[in-house]
Structures are given as C-alpha cells and as structure tokens.
Amino acid sequence: MKKDVLIEIKGVYRQDGDEDSVELFTTGSYYKRNGHYYIAYDESEVTGFEGSRTVLKVEEGGRVTMTRSGRVHSQLIIEQGVRHQCHYDTGYGSMTIGISGDRVDSGLTDEGGRLEFSYSLDVNTLLASENAVYVNVREQPHS
C-alpha cells in the first residue's frame, strides 16, 4: 500500500509565554511498512526547511519518529512519557536536544486519518518550547 495523499499539518509552538503556529498544506506519500504508518512530504519555505524531506514514522504503542533529510538533517523521537536525546540541525549548525513526549494520539488507518502529538523541547535540560502537531492525511482525488 502506497498512496499519493493530501497532507494538512498545523504546528503550535509555545515559548516564553508567546504562542505561534504554522500551517502547511502539501502533497506527499502515505504507506505502511512492517506494521508502521509513514507520512512523507517535501518541506517548503513556509516551514523554513525548503529543500528538505520529512518522514513521520508512526508506530503502534504511541511513538512518532520525525526524520528530516536533504538540506538539513534531524531526527526527533516523540514517545509519551519518555525523554529522548535527539539530533537537530537548524540549518546553521546541529545540536543535541531533549524531546519529552507529552501525548501521541493516532487515528491513522490504511485510508489515512489524523495524527496528533505534543512534546517539550529542551536544550541543556532548560525548557526551550512546548509543541503540538496536528496532521490530517487523506487520499488525493483521482482526476
């Protein structure tokens, strides 16, 4: 199963009492391999990662791995109740950050669906931001 899909992503970021959000509507691929769902898409200038490809791997049991390759390389692991040390490339340099998973809620099926996850990001154990990501995947209409 591999499908061309429409992907709607909303990211909400809270930092120092300020809240910002970014929305992305794009096309990409959706497939299932070894029991895990994958959502893959190319980044755009809207997200600041133009020239990169992002793959979300959604595992049963509430773990999401976000891998970015291309112009920047990073891998974030979001797992509810667990803090992971992750590699993050800003485009200006790379660093190790802590990712503490708050919530992973997947409603993905073979047809598509929704994925929501939230996490806290820390640098040197100091809270940098709180993040929530909402993803909606649906099949592209056939022309």
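This is a short walk through one predicted model, from its strands and turns to its pocket and its core.

Hi everyone, thanks for coming. Keep in mind as I talk that we are looking at a prediction.

Let me begin with the strands in the middle of the chain. Strand β4 covers residues 52–59 and strand β5 covers residues 63–70, and the two pair in the antiparallel sense over 8 bridges. If you want a spot to check on your screen, find S52, which stands opposite G70 in β5. The β4 and β5 hairpin leaves 3 residues between its strands, and in it G61 takes a positive phi near 95°.

Now follow the chain onward. β5 also has a partner in strand β6, residues 74–79; these run antiparallel too, joined by 6 bridges. Which residue of β6 is the bridge partner of V64? That is I78. Further along, R68 stands opposite S74 in β6. Here again the strands form a hairpin, with 3 residues between β5 and β6.

In that loop between β5 and β6 sits H73. Is H73 buried, partly exposed or exposed? With a relative accessible area of 43%, H73 falls between the 20% and 50% limits, so we call it partly exposed. Leaving aside neighbours within four places in sequence, H73 is in contact with R68, H87, Y88 and D89. And if you look back to the start of β4, the C-alpha atoms of H73 and S52 are separated by 8.1 Å, with their positions 21 residues apart along the chain.

While we are on loops, two residues have backbone angles I'd like you to see. D16 has a positive phi of about 50° although it is not a glycine, and you will find D16 in the loop between β1 and β2. Its relative accessibility is 75%, so D16 counts as exposed. The other is T125, also not a glycine, with a positive phi of about 65°. T125 is in the loop between β9 and β10, and its relative accessible area of 64% is over 50%, which means it is exposed.

Let's turn to two buried positions. S29 lies in strand β2, residues 18–33. Why does S29 count as buried? Because its relative accessibility is 10%, and the limit is under 20%. Not counting residues up to four places away, S29 touches K2, K3, V5, Y38, I39, A40 and R53.

The second one, A132, is in strand β10, residues 126–139. Its relative accessibility is 5%, so A132 is buried as well. Beyond its neighbours within four places in sequence, A132 is in contact with K10, G11, V12, F117 and S118. From A132 over to T26, the C-alpha to C-alpha distance is 19 Å, and the two are 106 residues apart in sequence.

Next, the pocket. The largest pocket has a volume of about 660 Å³. It is lined by 31 residues, and the closest to its centre are Y13, F49, Y88, Y119 and N131. Which elements give two or more residues to this lining? They are β1, residues 2–15, then β2, β5, β9, residues 112–123, and β10. As for chemistry, the lining divides into 17 nonpolar, 6 polar and 8 charged residues. You have met Y88 already, as a contact of H73.

Last comes the core. The largest nonpolar core has 30 residues, and those with the most contacts inside it are I39, L76, F117, Y119 and V135. Which element provides the largest share? That would be β9, with 4 residues. Some of these names should sound familiar: I39 is among the residues that S29 touches, and F117 is among the contacts of A132.

Y119 is the residue I'd like to leave you with. Y119 is one of the residues closest to the centre of the largest pocket, and it is also among those with the most contacts inside the core. Leaving out residues up to four places away in sequence, Y119 touches M66, L76, I78, I99, S100, G101, D102, S129, E130, N131 and V133. In that list, N131 is another of the residues closest to the pocket centre, L76 is another of the core residues with the most contacts, and I78 is the bridge partner of V64 from earlier.

That's my tour. Thanks for listening, and I'm happy to take questions.

Conventions:
Residues are numbered from 1 along each chain as its sequence is written. This is a predicted model: local features need pLDDT of at least 70, side-chain atom pairs count only at pLDDT 80 or more; totals for chains, interfaces and linings use all residues. Side-chain values use heavy atoms; hydrogens and water are left out. Buried means under 20% relative accessible area, exposed over 50%, partly exposed in between (1.4 Å probe, protein chains only). Contact means heavy atoms within 4.5 Å. Two strands pair if DSSP finds at least two bridges between them. On a 1 Å grid over the protein atoms alone, a cavity is a set of points where a 1.4 Å probe fits but cannot get out, and a pocket is an open set with protein on both sides within 12 Å along at least five of seven lines; lining residues have an atom within 4 Å of a point. Grid points are joined across faces, edges and corners, and a volume is the space filled by probe spheres set on the points. Ala, Val, Leu, Ile, Met, Phe, Trp, Tyr, Cys and Pro count as nonpolar, Asp, Glu, Lys and Arg as charged, and the others, Gly among them, as polar. A nonpolar core is a set of buried Ala, Val, Leu, Ile, Met, Phe, Trp, Tyr and Cys residues joined through side-chain atoms within 4.5 Å.
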